[in-house]
Structure formats: C-alpha cells, structure tokens
Amino acid sequence: MNKRQFRSNDPERQQWQDPEKILTTIGVIPGKIFIDAGCGDGYFALPAARRVGPRGKVYAVDIDADAIKRLQEQAAREGLDNLFSEVREAEETVVCEGCADFVFFGIDLHDFRDPSQVLLNAKKMLHPQGNLIDLDWKDQTMEFGPPLQKRFSIKKARHLIESAGFTIASVSDAGPYHYLIIASP
C-alpha cells in the first residue's frame with residue numbers, strides 16, 4: 001500500500017476530498033472557533049480560517065514542525081491573523097476550556113498515540129453546543145492512505161468517541177474514501 005502524503009495544495013486530493021464541502025456540511029460559518037488537531041500543513045485549517053473570518057478563530061496543532069511552518073507561511077501570505085498554529089501533540093493540547101464550536105480530526109484520529117486522551121481533550125475544549133468532527137478513512141483496501149490494519153472502522157471510532165462521553169449525532173459518507181462522524185459533548 002502506498003502511504004502517499006498529500007499537501008494542502010494537492011489538486012489530486014481536492015478531487016476526492018473537498019474541504020469547502022466538508023466545512024459547509026459541518027456548519028463552519030463566520031465568527032466560530034475551530035480547532036484542528038493534527039492539522040498538517042492546513043488542508044482544513046486554512047479554509048476554516050477564511051470561513052470563520054476576522055471575528056472567528058482557528059487553532060491548529062500538529063507534531064510535524066515542517067508542516068506547521070508551511071501552514072504559518074501560507075496564513076501569513078493570506079493575512080489570516082485569526083489562525084494560530086503551533087507544534088504540539090494533541091494528547092497534550094487543550095487550547096481553551098469550553099470555547100470551541102468545532103474540534104476537528106481530519107483523517108488522523110487513528111494516528112494519535114492515545115486517541116482516547118485526544119478525545120477527552122476535545123471534550124474539554126468544546127462548549128456544550130459544540131461539535132466533535134471525525135473525518136477518517138473507511139476501513140477498506142485502497143491504493144493510498146494508511147494501512148488497513150491501522151484504520152479505525154466506523155464501529156471502532158464510534159466506540160472511542162462514545163467512551164469519551166460524546167453522543168453521536170450523525171455518521172455519513174464523505175466521498176469515496178472517508179466517513180464523517182459528528183458528535184456532541
């Protein structure tokens with residue numbers, strides 16, 4: 001299986017995963033607070049910052065210093081003063097308590113060292129009407145993405161999310177390779 005890395009400006013990825021469509025689906029609008037845990041170089045964080053506008057905020061964390069540097073450079077080029085990013089482990093990240101409208105995991109919940117801790121941190125960051133968003137790989141063989149044995153099935157992801165105290169609001173397809181779980185604290 002090819003573990004191809006896709007960057008935020010990769011036109012091939014945009015063919016099968018449209019961040020604008022996903023952000024619309026989950027309800028990201030001006031003035032909201034969006035936290036992207038495991039943001040990479042900003043595939044979702046950058047369009048989220050554009051959407052939430054100057055009254056909103058995006059907090060983006062990732063363990064990859066090079067990816068964060070690319071994200072910061074692109075945000076600076078676009079004048080996105082509402083995007084705050086840093087190199088941090090999601091297991092050790094609580095950027096605020098009860099302030100977030102969205103805590104977003106973009107195809108990475110399976111990658112965290114301790115997904116249960118990351119979910120507990122997400123619950124701390126969300127306000128009571130906020131949403132946890134888990135966009136992840138379907139558990140089927142594909143030409144790219146993580147190995148099948150590393151992927152979380154919908155059943156496993158649901159179990160982890162519910163075990164962290166969330167209520168699942170919806171589970172849906174998000175294109176040919178991914179599913180989308182929306183949950184509330």
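A polar contact is taken here as a pair of N or O atoms within 3.5 Å, where, within protein, one atom must be able to donate a hydrogen and the other to accept it. With that in hand, the start of helix α4 is a good place to begin looking at this predicted model. There, a side-chain oxygen of Asp 64 comes to within 3.0 Å of the backbone nitrogen of Asp 66.

Helix α4 itself runs over residues 65-78, a stretch of 14 residues. From its first C-alpha to its last it reaches 20 Å, close to the 20 Å expected at 1.5 Å a residue. Its buried residues are Ala 67, Ile 68, Leu 71 and Ala 75. Because these residues cover an arc of only 95 degrees around the axis, they sit on the same side of α4. That buried side packs against α3 (45-52), β2 (57-62) and β3 (83-87). On the face turned away from it, α4 carries the exposed residues Asp 66, Ala 76 and Arg 77. Asp 66 thus appears both on this exposed face and, through its backbone nitrogen, in the approach from Asp 64. After the helix comes Gly 79, with a positive phi near 70 degrees.

Leu 71 of α4 leads on to the interior. The largest nonpolar core has 31 residues, and Leu 71 is among those that touch the most other members, together with Ile 26, Phe 34, Val 58, Leu 83, Phe 104 and Leu 135. At least two residues of this core are supplied by each of α2 (19-26), α3, β2, α4, β4 (100-106), β5 (126-137) and β7 (178-184). The largest share, 5 residues, comes from α3. Leaving aside neighbours within four places in sequence, Leu 135 is in contact with residues including Gln 17, Ile 22, Phe 44, Phe 104, Ala 174 and Leu 180. Another core, of 26 residues, lies apart from the largest one and includes Ala 37, Val 61, Cys 96 and Ile 161.

Ile 161 of this other core is also one of the buried residues of helix α6 (residues 154-163), alongside Ala 157 and Leu 160. Seen down the axis of α6, the buried residues fall within an arc of 95 degrees, so they line one face of the helix. They pack against α5 (115-125), β5, β6 (167-173) and β7. The face of α6 turned away from this buried side holds the exposed residues Lys 155, His 159 and Ser 163. Just after α6, Gly 165 takes a positive phi of about 95 degrees.

How values were computed. Residues are numbered from 1 along each chain as its sequence is written. This is a predicted model: local features need pLDDT of at least 70, side-chain atom pairs count only at pLDDT 80 or more; totals for chains, interfaces and linings use all residues. Side-chain values use heavy atoms; hydrogens and water are left out. Helices (H or I, at least four residues) and strands (E, at least two) are DSSP runs, numbered from the N terminus. The expected span of a helix is 1.5 Å times one less than its number of residues. Buried means under 20% relative accessible area, exposed over 50%, partly exposed in between (1.4 Å probe, protein chains only). The arc is that of the directions from the helix axis to the C-beta atoms. Contact means heavy atoms within 4.5 Å. A nonpolar core is a set of buried Ala, Val, Leu, Ile, Met, Phe, Trp, Tyr and Cys residues joined through side-chain atoms within 4.5 Å.
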